[in-house]
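Got your viewer open and a hand on the mouse? Let's take a short walk through this protein, one selection at a time.

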Amino acid sequence: MKIPVDVSSVLSAIEETEKSRKASFRMHIFMEEAADVALREMVCNVFSSEEEGAKVFVDTFSSKLPAPDKKADLCIVVAGPTSFSASLYHQLLDDGFPTMVVTLCPNLLQKIAGMSDLAIDEADLVSAVSPDKVSATDEPQPFGEAEQSSLAYAMGQWLSYVYPDKRLAFANAFPFFRKALATESVKATAMQNGGIGLVAFIPGADMPLMTLNEAKMVLQIAAAYGQQIDKSRAKELIAVAGSGFMFRGIARQLVALIPALGSLTKAGIGYGGTLALGYTFIEYFEGNGDVKALLDKGVTLTKEIASGKRQLPLPSDLNEVKDNVLSAAEAFATRALPIAKGIVQVFVDNGLDGDKVAKASGKAVETLMGAALGKLR
């Protein structure tokens with residue numbers, strides 16, 4: 001089996017991923033004495049790391065505000081319902097430090113902070129339960145196992161959004177961050193491949209771009225879970241990423257049944273196929289899977305599909321699938337076509353540059369596929 005992907009691009013991606021995974025960072029955590037004890041313990045535990053490049057400093061405070069580590073990349077304030085945390089948050093922002101405020105009293109904290117004109121940016125305020133689901137009178141929020149898991153995921157999302165360049169280093173140092181990073185990588189790659197599928201009007205032009213994107217996604221997921229893929233296995237990585245392309249083979253058989261959908265259906269194929277591949281890998285690594293076994297199994301499966309020894313299973317009732325896809329297309333086609341034409345023009349203007357096209361089409365695909373997938377569920 002030959003998948004048309006430049007191996008040198010994959011080798012570069014492997015090198016860059018490993019470099020990002022080993023990047024160093026400095027983090028300063030401030031624990032307010034008025035904050036919930038269980039919350040302080042949980043934050044200390046999840047941000048504990050023995051990785052050489054991870055420097056985490058922890059200080060407690062009450063009314064006297066501490067000075068941050070001048071070399072810190074970011075800060076975290078574990079807050080109680082007082083104005084002191086809000087004051088520290090604004091002091092850190094003024095000093096140029098991206099800062100997350102973690103609390104079990106988001107509504108009460110904002111109320112108190114607002115009285116001193118120290119309101120905290122909602123994007124930086126992280127809690128176990130969304131503030132709009134719990135009133136200030138019901139705070140502090142409950143903090144059982146489910147809430148701790150929810151808070152860990154929310155903190156991971158903040159880290160990923162605010163400091164994307166350090167995401168792999170964070171995942172390498174803090175296990176709680178891994179699933180949030182892997183999920184974000186899958187969603188972003190799915191959006192890119194949906195965009196590529198939407199605008200790739202040259203037959204087969206989407207194959208190398210999507211497969212390379214998926215190879216990079218697998219690298220990101222593996223690195224997030226502390227698994228290293230050596231350059232010697234680059235071709236096997238391409239083959240495993242190509243299994244996503246094999247998955248899309250099922251959907252391409254459906255495209256033949258409904259050619260009128262054209263590019264819109266191709267967007268769904270790129271989007272859905274990449275999601276399926278990515279979430280399968282996350283589940284595998286969440287179950288303590290080994291990257292070597294993943295490559296071995298993936299290559300075997302892909303070869304079987306390519307040789308015809310293993311058949312791609314079509315849905316049992318093609319007419320039902322066809323009707324569902326057509327209904328979904330009708331629901332959003334009128335909005336999709338003008339956007340699609342604009343993206344195609346971007347594709348032409350940029351000389352088939354996959355990265356530029358993916359970035360230009362991402363928001364459009366998110367709108368289109370959100371409507372389509374909601375209809376198909």
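Before you click anything, here's a word you'll need: a residue counts as buried when its relative accessible area is under 20%. By that cut-off, buried residues make up 47% of the 377 residues in this protein. Keep in mind that you're looking at a predicted model.

**Whole protein.** Switch to cartoon view and you'll have 13 helices and 5 strands to explore. Turn on the surface too: its accessible area comes to about 18,200 Å², and carbon and sulfur atoms own 52% of that.

**The sheet.** Now colour the strands. The 5 of them form an open sheet with parallel pairing, in the order 2-1-3-4-5. Which strands sit at the edges? Select 54-61 for strand 2 and 125-126 for strand 5: each of these pairs on one side only.

**Inside the sheet.** Next, pick residues 74-79 (strand 3) and 99-103 (strand 4), which run parallel and are joined over 5 bridges. Zoom in on Ala-79, and you'll find Thr-103 of strand 4 standing opposite.

**Helices on the sheet.** Stay here and add residues 145-162, which are helix 5. This helix packs on the sheet, touching strands 1, 3, 4 and 5, and its direction makes about 170° with that of strand 4. Then select residues 83-94 for helix 3, which lies across strand 1 (25-32), strand 2, strand 3 and strand 4. Helix 3 runs at about 175° to strand 3.

**Zoom back out.** One last thing to think about: among contacts with a separation of 6 or more, 78% are between residues 24 or more positions apart.

Definitions and conventions: Residues are numbered from 1 along each chain as its sequence is written. This is a predicted model: local features need pLDDT of at least 70, side-chain atom pairs count only at pLDDT 80 or more; totals for chains, interfaces and linings use all residues. Side-chain values use heavy atoms; hydrogens and water are left out. Two strands pair if DSSP finds at least two bridges between them. Helices (H or I, at least four residues) and strands (E, at least two) are DSSP runs, numbered from the N terminus. Contact means heavy atoms within 4.5 Å. Axes are lines fitted to C-alpha atoms, for helices over the stretch in contact, and angles run from 0 to 180 degrees between N-to-C directions. Buried means under 20% relative accessible area, exposed over 50%, partly exposed in between (1.4 Å probe, protein chains only). Accessible areas come from the Shrake-Rupley method with a 1.4 Å probe; for residues, only the protein chains shown count as cover.
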